[in-house]
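Biologist: I am new to this one. Can we go through the terms used for it and check what stands behind each?

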Amino acid sequence: GRDGRLSYAPDKLGNRIPDFSHAGYMGGGVPIPNDIPVRITLAPSGGDDTDRIEKAVKAMSAFPPDARGYRGAILFDKGRFTLSKPIRAEHSGIVFRGRGCGLGGTILFDKTPVETVNHRFRPEGTITVGKAWPPWRFSLLTRALNDYIPCGATRLKVQDVSPLSEGQAVVLVFRMSQKFLDDLRLAGVWSVPDFEKPHWADIKPKWERTIVRIDRATSEIVLDYGIPCSMNVKAGHGSLTIERLENEERVDRVGIEDICFMSDYDRSRQDKHGCYNDHRHATTAVMFNAARDCWMRRCVGFFHAYALASVSRYARFITVEDCAMLDGVAGDTPKTPQGAWKYYFNASGCDTLVQRCYGRFGRHAFVFNGPTSGNVFLDCVSEKGNLGCDAHQRYQNGSMYDNVVADATFGFTGNNDVANKHGMQAVYCLMWNVFSKSWKTWFPAIWIGRAPNDIGYNWAIGCITVAGYGKGIGPGWSGYVTLGHVESEDTLVKPRSLYLAQLEERLGRQAVARIATRKQLDGYGKVWIDLMTKFSRLPVYQDPGNLDWPGMTNWVPEFDAAVGGSRPTHTAR
């Protein structure tokens with residue numbers, strides 16, 4: 001706008017670009033603490049270290065939390081720690097800290113036996129934060145009465161305000177109808193009972209919000225930030241209920257930092273092209289399950305079959321920053337694409353911020369898995385990817401790629417293929433100043449779709465594409481969706497980062513300085529160059545059993561601190 005502030009132009013139904021600035025630790029703009037004191041220090045034993053680490057975690061859980069909610073840090077000294085089963089972090093306030101995330105620092109070497117790995121995925125990480133798949137219980141408070149609720153709405157008219165109070169945390173649940181599926185042309189892909197399945201299969205869109213104001217005269221409530229999806233109640237697409245979460249079981253304030261994660265794999269297993277394809281080994285480095293206000297930073301992973309960081313749909317306000325995942329080993333190889341592997345940074349939760357991260361040889365290096373919202377990938381790089389960075393399935397809403405570069409495709413679209421049941425994969429999601437150099441030239445470099453019957457659409461603004469057939473931006477799957485909103489194609493726009501601009505407007509410049517580095521603030525592409533300089537030239541697919549890798553014996557990558565932050569110390573206190 002002329003006043004220098006962001007100006008939002010709603011469409012004819014009132015839908016607007018959401019506010020993405022709530023993504024990340026503590027809801028965005030809050031610095032990750034650098035002063036958590038070390039309580040326990042461990043050195044590698046030369047044998048199996050699992051029991052010693054488990055005992056340390058148990059001992060840490062007995063420390064009382066301080067005024068900020070932190071019990072303290074476990075410091076892992078330099079060298080290789082060998083693990084034979086996952087480590088569970090099921091108490092709040094514990095930091096897992098290494099002495100650097102390279103071969104010259106701290107290595108957590110996961111040698112989980114084959115018999116403990118499921119057919120495809122071990123459902124835990126080398127470190128698993130929070131309990132797995134808790135059965136959440138909700139109780140109905142009231143219902144929204146609006147005929148149409150646009151994306152970005154913060155004000156709702158409700159049936160009854162008496163059960164509500166200002167400052168109350170609530171969960172808004174969109175209960176879709178059969179009419180919604182019919183209009184979305186997905187009746188053969190999803191069914192209404194799918195939305196009510198328990199645990200991980202529950203695909204109802206849900207948003208946690210806080211009521212900041214109640215107008216009892218008009219029976220309206222005002223939320224702390226907007227709903228990232230539209231709902232046409234008058235058209236019979238379902239209802240929006242306001243509910244209370246009865247069993248909050250998430251752990252909080254758990255951090256993982258300055259560690260190299262390595263997954264063992266069988267180098268005798270190769271595909272016909274000579275690429276390693278063993279999938280019977282540790283799949284994920286860090287799994288955030290029932291967790292909130294947690295982080296992972298300055299970590300590097302090698303060879304995992306699935307992810308360096310996987311954030312489940314029960315997690316919220318997670319930050320993953322200054323991390324890299326290289327050379328995943330699974331059924332999907334650089335020469336033989338195969339589904340369900342190598343989702344390096346998997347944002348399946350809500351309000352997750354992944355920034356300044358790198359992936360090499362991923363299938364979907366930076367991926368959203370619905371039906372979640374508010375997730376942001378900022379200033380990230382993917383190289384040698386098999387498939388795209390995309391909203392992978394089931395109604396991701398209100399999420400964003402902001403200044404991400406990849407030599408693979410990007411996609412916010414959908415399909416009505418009954419076989420894979422991915423359905424409408426994204427609505428009201430945004431690509432902002434994204435760069436794609438797709439080597440799969442028979443695809444558009446960027447897919448940006450609009451759902452049928454005005455149910456929702458996506459934006460591509462300031463995006464640059466190289467390769468791809470015809471126009472570099474297309475609608476997606478074989479006529480199911482039409483082209484979404486495309487603006488300033490092949491020309492970068494200002495502000496450079498929408499996430500940082502929105503964060504500044506909401507919380508001020510200091511909030512940006514607390515989480516952003518100088519390279520992020522200095523201009524376009526500097527973080528991309530920095531990440532590629534650090535990781536592109538590293539030797540590929542090395543032997544995890546012999547760490548004498550060419551030129552990497554003492555390798556520990558360095559990362560810039562946030563402008564308003566400081567580097568941590570490792571002194572035990």
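The talk below goes through the chain as a whole, one sheet and the cavities.

Modeller: Keep in mind that this is a predicted model.

Biologist: What makes the radius of gyration of the protein chain agree with a compact globule?

Modeller: The rule is 2.2 Å times the number of residues to the power 0.38. With 573 residues, that gives a value near 25 Å. The protein chain has 23 Å, so the two agree. The C-alpha atoms fill a box of roughly 65 × 55 × 50 Å along the principal axes.

Biologist: How many of the residues are buried, as a percentage?

Modeller: Buried residues make up 60% of the 573. To count, a residue must have under 20% relative accessible area.

Biologist: What does the secondary structure come to?

Modeller: Six helices and 42 strands.

Biologist: Which strands form the open sheet, and in what order?

Modeller: The order is β4-β7-β19-β22-β25-β28, with parallel pairing. From one strand to the next, the twist averages 15°.

Biologist: Why are β4 and β28 called edge strands?

Modeller: Each pairs on one side only. β4 covers 87-89, and β28 covers 366-368.

Biologist: How do you know that β22 and β25 pair?

Modeller: Pairing needs at least two bridges. Three bridges join β22 (residues 307-311) to β25 (residues 345-347), so they count as a pair. In one of these bridges, A309 has F345 of β25 as its partner. In general, strands of a sheet pair through backbone hydrogen bonds.

Biologist: Now the empty space. Why is a space called a cavity?

Modeller: Because a 1.4 Å probe fits there but cannot get out. A search of the whole structure finds three cavities of 30 Å³ or more. The largest has a volume of about 80 Å³.

Biologist: Which helix gives the most to the lining of the largest cavity?

Modeller: Helix α6, residues 526-535, with four residues. The lining includes V527, D530, L531 and K534. D322, R356 and F559 are also among the lining residues.

Biologist: What is the make-up of that lining?

Modeller: Six residues are charged, three nonpolar and one polar. Asp, Glu, Lys and Arg count as charged, so D530 and K534 go into that group.

Biologist: And what lines the second largest cavity?

Modeller: Among others, P18, D19, F20, R209, Y225 and G226. This cavity holds about 70 Å³ of space. Its lining divides into five nonpolar, four polar and three charged residues. Gly counts as polar, so G226 belongs with the polar ones.

How values were computed:
Residues numbered from 1 in each chain as written. Predicted model: local features only at pLDDT ≥ 70, side-chain atom pairs only at ≥ 80, totals over all residues. Heavy atoms only, no water. Helix = DSSP H or I, 4+ residues; strand = E, 2+ residues; numbered from the N terminus. Axes fitted to C-alpha atoms, helices over the stretch in contact; angles between N-to-C directions. 1 Å grid on protein atoms, 1.4 Å probe; cavity = no way out; pocket = protein on both sides within 12 Å on 5 of 7 lines; lining within 4 Å. Points joined across faces, edges and corners; volume = space filled by probe spheres on them. Buried < 20%, exposed > 50% of the residue type's maximum accessible area, 1.4 Å probe, protein only.
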